[in-house]
Structure formats: structure tokens, C-alpha cells
Amino acid sequence: MNEIHSAGYRAHTNIALIKYWGKRNKELFLPVTSSLSLTLDAFYTDTHVEFDTSLTGDVFYLGGELQNEANTAKVSRFLDLFRETAGKPNLYAKVTSVNHVPTAAGLASSASAFAALAGACNLALDLQLDAQTLSTYARQGSGSASRSLLGGFVEWHKGEGDESASSYAEAFDDADWDLAMVFVIINRNAKKIDSRLGMEHTNQTSPFYALWPKEVEKDLAMIKPAIKAHDLDTVGQIAEHNAMKMHAMTIAAKPSFTYWEPASIEAMTIVRELREQGIPAYITMDAGPNVKVLCRASQAETIKAAFAPRFGADQVVIAKPGPAAHPLEKE
Ligand code: DP6
């Protein structure tokens with residue numbers, strides 16, 4: 001008789017206000033700096049995992065499609081962490097994952113994906129790891145995934161030396177105030193430099209990287225009290241400046257590169273115009289051309305409308321603060 005251990009989990013994506021951009025230990029995904037993010041409700045991943053004693057290898061379906069060897073191998077390496085902890089190194093699994101992102105978004109996120117998979121494995125194997133410990137596992141799938149296990153504002157502590165357990169994510173504050181993030185989705189045809197490659201290249205070749213750890217430390221120290229005080233202007237200014245410093249480092253890398261596209265700059269110009277009209281709106285950008293705008297939830301529709309002359313309605317999505325990752329009801 002084969003034995004099956006299964007569970008389903010949902011994790012939401014997160015966007016960093018103070019960015020993670022560089023690893024001090026690539027194998028363990030230990031970051032150069034701490035970082036701080038906001039979990040969002042609009043984009044999430046649902047993942048079911050079924051550990052089955054009758055399987056002779058892992059199987060991975062994403063969005064209903066059986067995945068190739070390379071993608072399955074990434075999932076297998078991640079499952080190994082949980083198999084080892086459970087003391088069942090040969091217990092293979094079928095993983096079924098669905099990303100819920102608006103069509104045309106190109107926003108499929110490794111953060112929500114690995115957080116959902118970590119949650120599902122923990123539950124299926126009855127490991128009973130708490131969110132903090134589980135975040136150290138999620139981190140080893142993708143650094144930013146550590147933060148997607150928690151809701152609201154989340155801090156990922158850089159930790160000490162090569163000590164994996166010391167680098168975990170922790171809820172910093174709820175985001176239960178008048179807050180939203182408007183996503184301006186810019187379709188891209190340009191070749192993608194993924195975040196893993198981009199941060200390594202920046203770390204190794206950008207002369208400005210030497211300044212980054214100190215800047216992040218200062219930004220973190222300033223943004224935390226502003227979050228607690230619900231001071232959107234201060235939070236927004238610090239977050240925008242932090243993102244600009246990250247992107248400036250990529251331009252100064254050798255060879256230089258940027259995630260910005262002409263349409264990204266157009267979107268940023270609209271944000272600055274909104275500010276000139278007295279509407280608080282602040283830019284952040286990650287390893288892609290999309291522009292995200294931190295703003296008041298009560299003004300999100302006004303901000304969305306400001307993008308309408310230039311961007312299609314399906315290119316502008318309003319997200320609100322999102323919850324911690326959680327189990328999916330059994331069907
Ligand atoms: C710009 O977490 O995707 O979004 O750890 O190599 O998988 P890996 O990188 P990833 O990097 C995220 C970079 C960022 C900033 C952030 O989320 O903090």
C-alpha cells in the first residue's frame with residue numbers, strides 16, 4: 001500500500017521597500033543586508049504537494065503544465081530540505097502550483113511560489129516548523145520568498161556569518177492603514193536579466209556596491225519608525241530613494257545594465273506629476289520594468305486614472321496589503 005501525505009498552501013507576493021540586492025553566501029541564500037517588504041493581496045500562488053511512497057521521482061505541474069527537467073530539478077532541490085528534516089530522503093512528491101496574477105502581468109513571482117511550497121511541505125510532512133523557521137527554508141528557494149510567509153510589513157534579518165538559522169523573516173507591523181500599491185505593468189520584449197544574475201553582477205562589478213550596505217542600514221533605521229507612525233510621505237520617500245540607489249548601482253555595473261524601459265520612465269513621470277498636484281505617491285521598482293506606486297488606498301483609484309491616458313486599464317492593478325501565507329481548505 002502506498003502512503004500519501006498531502007497539503008495545500010497559499011502565499012502572497014511581496015514588494016520590498018528596502019531592497020535585498022546581493023548575497024554573502026550563494027549556497028545558503030544569505031543576504032548582504034536586511035530588507036523590508038510589504039505583502040500584497042492581489043498576487044498569490046496556490047500550491048498542493050503530495051508526498052507519495054509509490055513515486056520514483058518528483059513531478060511538477062505549473063499552471064496545469066508538466067514542467068521540464070530543469071524546472072523540476074529546482075523544485076526537487078527545495079523539497080530535499082524538507083525530506084532531510086523529515087528523515088525521509090526518498091519520499092518523492094507531486095507538486096501542483098498555480099500563480100494567480102492578472103493576465104499580461106508577467107508578474108509570476110518566485111517569492112510567493114517558494115513560500116507556498118514551503119508552507120505546503122511543512123504541513124504535508126507534519127514538521128510543525130513555525131513561520132520564522134519556515135522562512136529560513138523558503139529563503140533557500142528564493143531570498144525574497146522568506147518574506148512572503150508573513151503578512152503586512154515584514155523584515156528579513158540578514159543574520160550572522162554563515163549561520164542559516166539566523167537569517168529569517170519576521171512580521172514587523174501590520175499594514176492596517178490607508179495604504180495601497182498600484183502596479184503599472186509594462187510589457188517587455190527585452191531580454192530578461194533575472195534578479196539572481198543581476199544582483200551578483202552588481203555586487204561584483206559596480207563600484208557603488210561598496211556604499212550599499214551602509215545605505216540600507218540607514219534606510220531601515222529611518223523607515224521603521226515612519227511605518228509605525230503611519231507616515232506615508234516619509235515611508236514613501238525612503239522607499240523610493242532606496243529603489244533608485246539599487247537601480248543606480250546596476251547602471252554603474254560593468255557592463256552596465258538597467259531594468260528600466262522607456263515606458264517605465266513615462267510611468268515614473270506620471271507619479272512625479274501626481275506628487276506635484278499634492279497626491280502622495282512614491283515609486284519602487286524591482287528586477288523588471290514594472291513600476292509600483294506606494295499610495296493611500298483611498299486615492300488609489302485617482303492614481304489609477306492618472307495612468308489611463310498612457311496605459312491600458314489591464315496594465316494598472318491596485319493591490320492592498322496582504323495576509324500571511326496560510327493553508328488551503330481541503331477539497
Ligand atoms: C529586486 O529573491 O528573486 O526583488 O534570492 O536569487 O532568488 P534570489 O533573488 P530574489 O531577488 C529579489 C530582488 C528584488 C528585491 C527584493 O525583493 O528585496
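This note goes through the ligand site, the strands and the unusual backbone spots of the structure.

1. Basis of the note. This is a predicted model, in which local features need pLDDT of at least 70 and side-chain atom pairs count only at pLDDT 80 or more, while totals for chains, interfaces and linings use all residues. Residues are numbered from 1 along each chain as its sequence is written, and side-chain values use heavy atoms, with hydrogens and water left out.

2. The shell around the ligand. A residue counts as near the ligand if one of its heavy atoms lies within 4 Å of it, and 17 residues surround the ligand in this way, the closest being Tyr 20, Lys 23, Ser 142, Gly 143 and Ser 144. Seven of the shell residues are nonpolar, five are polar and five are charged, where Ala, Val, Leu, Ile, Met, Phe, Trp, Tyr, Cys and Pro count as nonpolar, Asp, Glu, Lys and Arg as charged, and the others, Gly among them, as polar.

3. Where the ligand lies. Domain 1 (4-175) and domain 2 (180-319) both contribute residues to the shell, so the ligand lies between them; the domain bounds come from an automatic or database domain assignment. Helix α4 (residues 195-205) gives the most to the shell, with three residues; helices (H or I, at least four residues) and strands (E, at least two) are DSSP runs, numbered from the N terminus.

4. Polar contacts of the ligand. A polar contact is a pair of N or O atoms within 3.5 Å; within protein, one must be able to donate a hydrogen and the other to accept it, and residues adjacent in sequence count only if both atoms are side-chain atoms. An oxygen atom of the ligand lies 2.6 Å from a polar side-chain atom of Ser 142, while the side chain of Lys 23 has an N or O atom 2.7 Å from a ligand oxygen, and the side chain of Arg 196 has an N or O atom 2.7 Å from a ligand oxygen. Of the 460 Å² of accessible area that the ligand has on its own, the protein covers 93%, with areas from the Shrake-Rupley method and a 1.4 Å probe.

5. The open sheet. Four strands form an open sheet in the order β11-β12-β10-β13, with antiparallel pairing, and two strands pair if DSSP finds at least two bridges between them. Because β11 (281-284) and β13 (316-319) stand at the edges with a single partner strand each, one side of each is left without a neighbour in the sheet. β11 is joined to strand β12 (residues 291-295) by four bridges, and Thr 284 has Lys 292 as its bridge partner in β12.

6. The pairing of β5. Strand β5 (residues 59-62) pairs with strand β7 (residues 93-100) in the parallel sense over four bridges, whereas β5 and strand β6 (residues 65-66) pair in the antiparallel sense over two bridges. In the hairpin of β5 and β6, which has two residues between the strands, Gly 63 has a positive phi near 55°.

7. Backbone spots to check. Most residues other than glycine have a negative phi, and most peptide bonds are trans. Asp 126, in the loop between α2 (110-124) and α3 (131-138), has a positive phi near 55°. Lys 254 and Pro 255 are joined by a cis peptide bond with omega about -5°, and Pro 255 lies in the loop between α6 (232-251) and α7 (262-276).
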